[in-house]
Amino acid sequence: MDDLHGFYLEDLTVGQTASYAKTVTEADVVLFAGVSGDDNPVHINAEYAEQTMFGQRIVHGMFSAALISAVLGTRMPGPGAIYIDQQLKFKAPVHIGDTVTATAKVLEINEERRRVTLETVCTVKGKVVAAGVATNMVDRRPV
């Protein structure tokens, strides 16, 4: 790693992990709705959300996905890596005030194609709320 670049392909090893945690605020949900255009009332209208199976407002599922992006873009592989693919399943709701921890773990390194496959998991108090697999393209160390 250098100041403006994350891990190079040669720096990564299978099993290596990195995480990012964020406590979700009211402002986060409102801003995410504004940026994404997803103003589904289950996210922004308490009276509506009370009538749903969740009984209260829930955070956008893609907010958790954005935290995975934060791990991959800032921690590991980090700056310079290109997000190629993400499969993701949402397992449980996230609520305002929850602290979501997004973790990425290197599963496979394809040196020929410069691809890194990572397990991606988001948890709240140890409970999985989203899980999947991502692929990043990672630079080789300059010669």
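How many aromatic pairs does a search of the whole structure find?

## The aromatic pair

The search finds one aromatic pair. Its partners are Phe32 and Phe63, which meet edge-to-face. Keep in mind as you look at them that this is a predicted model.

A pair of aromatic rings is described by the distance of the centres and the angle of the planes. For Phe32 and Phe63, the centres are 5.7 Å apart and the planes make an angle of 75°. Planes over 60 degrees apart count as edge-to-face, so this pair earns that label.

Now find the two rings along the chain. Phe32 sits in helix α1 (residues 26-36), while Phe63 belongs to helix α4 (residues 61-75). With their positions 31 residues apart, the pair links distant parts of the chain. Both Phe32 and Phe63 are buried.

## The overall fold

Stepping back, you can count four helices and five strands in the protein. Follow the sequence and you will meet them in the order β-α-α-α-α-β-β-β-β. The C-alpha atoms fill a box of roughly 60 × 25 × 20 Å along the principal axes.

Among contacts with a separation of 6 or more, 67% join residues 24 or more positions apart.

## The annotated domain

An unreviewed UniProt entry places a "MaoC-like" domain at residues 18-120. This stretch is 34% helix and 32% strand, and its end C-alpha atoms lie 10 Å apart.

## Inside and outside

Of the 143 residues in the protein, 39% are buried. The protein exposes about 7900 Å², with carbon and sulfur atoms supplying 53% of that area.

As for charges, the protein has 13 positive and 17 negative ones, and the mean positions of the two groups are 5 Å apart.

Definitions and conventions
Residues numbered from 1 in each chain as written. Predicted model: local features only at pLDDT ≥ 70, side-chain atom pairs only at ≥ 80, totals over all residues. Heavy atoms only, no water. UniProt positions renumbered as here; feature names shortened; annotations may be inferred. Helix = DSSP H or I, 4+ residues; strand = E, 2+ residues; numbered from the N terminus. Buried < 20%, exposed > 50% of the residue type's maximum accessible area, 1.4 Å probe, protein only. Contact = heavy atoms within 4.5 Å. Areas by Shrake-Rupley, 256 points an atom, 1.4 Å probe, with all protein chains shown as cover. Lys, Arg positive; Asp, Glu negative; His and termini not counted. Charge placed at Lys NZ, Arg CZ, Asp CG, Glu CD. Phe/Tyr/Trp six-rings, centres within 6.5 Å; stacked < 30°, edge-to-face > 60°.
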